[in-house]
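Work through the two exercises below on helix packing. Each task is followed by a stepwise solution.

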Amino acid sequence: MKKPIDHEKLHKYLSEHHLGSAAGLEHFASAKRMWADTQHAAVFHSLWLQVKEDQQDLERILKKLGREPHGLALLAEPWAKLLGKINLLNPLRQRRQTLAQTQLDVLTGLLNAKHNMWRTLLLMVGEEPTLDEALLSDLKLRAESQIRQLSEFSDSSWAERFR
């Protein structure tokens, strides 16, 4: 007989990702501000909105499980947001420097982490009735689209940062 999913572990896992999403949203807001007065503004505004919507979906999943973000994650959230806002990766918001590329690489990593969370949750669908397979499949596809959008931007604009 299989052991059931440990809801405390699932709650902790989702809370950790919620904490990461708070920092990630600030990182995307920072990128949105950095590229605001350029031809790329719409890309980053759109990505920020998409990441914000995904965070709201994560919060709804937590609520459907009868949970709120974990207490320790809530205590760390203001610090995570502050670090995202400060943008330690590129504090001077220099678009034509390698720090801008490093920031793009980190943003892609954040999106990959989110994608992996959705994949992991999809594996649990058959054993956790509160998980919505259709929503999780959509969230996984949305993460893949966001990764693709950011990669296409990075690929098409690399010369701006390296020449």
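**Exercise 1.** In this predicted model, determine how H1 passes H2, then describe the contact.

*Solution.*
Step 1. Handedness: H1 crosses H2 in a left-handed sense.
Step 2. Residues: H1 contributes His-11, Leu-14, His-17, His-18, Ser-21, Ala-22, Leu-25, Phe-28, Ala-29, Ala-31 and Lys-32. On the H2 side, the list includes Phe-44, His-45, Leu-47, Trp-48, Val-51 and Lys-52. Gln-55, Leu-58, Glu-59, Ile-61 and Leu-62 of H2 also take part.
Step 3. Character: the residues of the contact of H1 with H2 comprise 13 nonpolar, six polar and three charged.
Step 4. Geometry: helix H1 spans residues 7–34. Its axis and that of H2 come within 9 Å and cross at roughly 160°.
Step 5. Orientation: angles over 145 degrees count as roughly antiparallel. Therefore H1 is roughly antiparallel to H2.

**Exercise 2.** At what angle do H2 and H5 pack, and how far apart are their axes? Classify the pair and its contact.

*Solution.*
Step 1. Geometry: H2 covers residues 41–64 and H5 residues 133–162. They pack at about 155°, with axes 11 Å apart.
Step 2. Orientation: that angle makes H2 roughly antiparallel to H5.
Step 3. Handedness: the crossing of H2 past H5 is left-handed.
Step 4. Character: the residues of the contact of H2 with H5 split into 10 nonpolar, four polar and four charged.
Step 5. Residues: among those of H2 are Val-43, Phe-44, Leu-47, Val-51, Asp-54 and Ile-61. Their H5 counterparts include Leu-135, Leu-139, Arg-142, Gln-146, Leu-150 and Phe-153.

Terms used:
Residues numbered from 1 in each chain as written. Predicted model: local features only at pLDDT ≥ 70, side-chain atom pairs only at ≥ 80, totals over all residues. Heavy atoms only, no water. Axes fitted to C-alpha atoms, helices over the stretch in contact; angles between N-to-C directions. Helix = DSSP H or I, 4+ residues; strand = E, 2+ residues; numbered from the N terminus. Parallel < 35°, antiparallel > 145°, perpendicular 65-115°, else oblique. Left-handed = near helix turned anticlockwise from the far one by under 90°. Contact = heavy atoms within 4.5 Å. Nonpolar A, V, L, I, M, F, W, Y, C, P; charged D, E, K, R; others polar.
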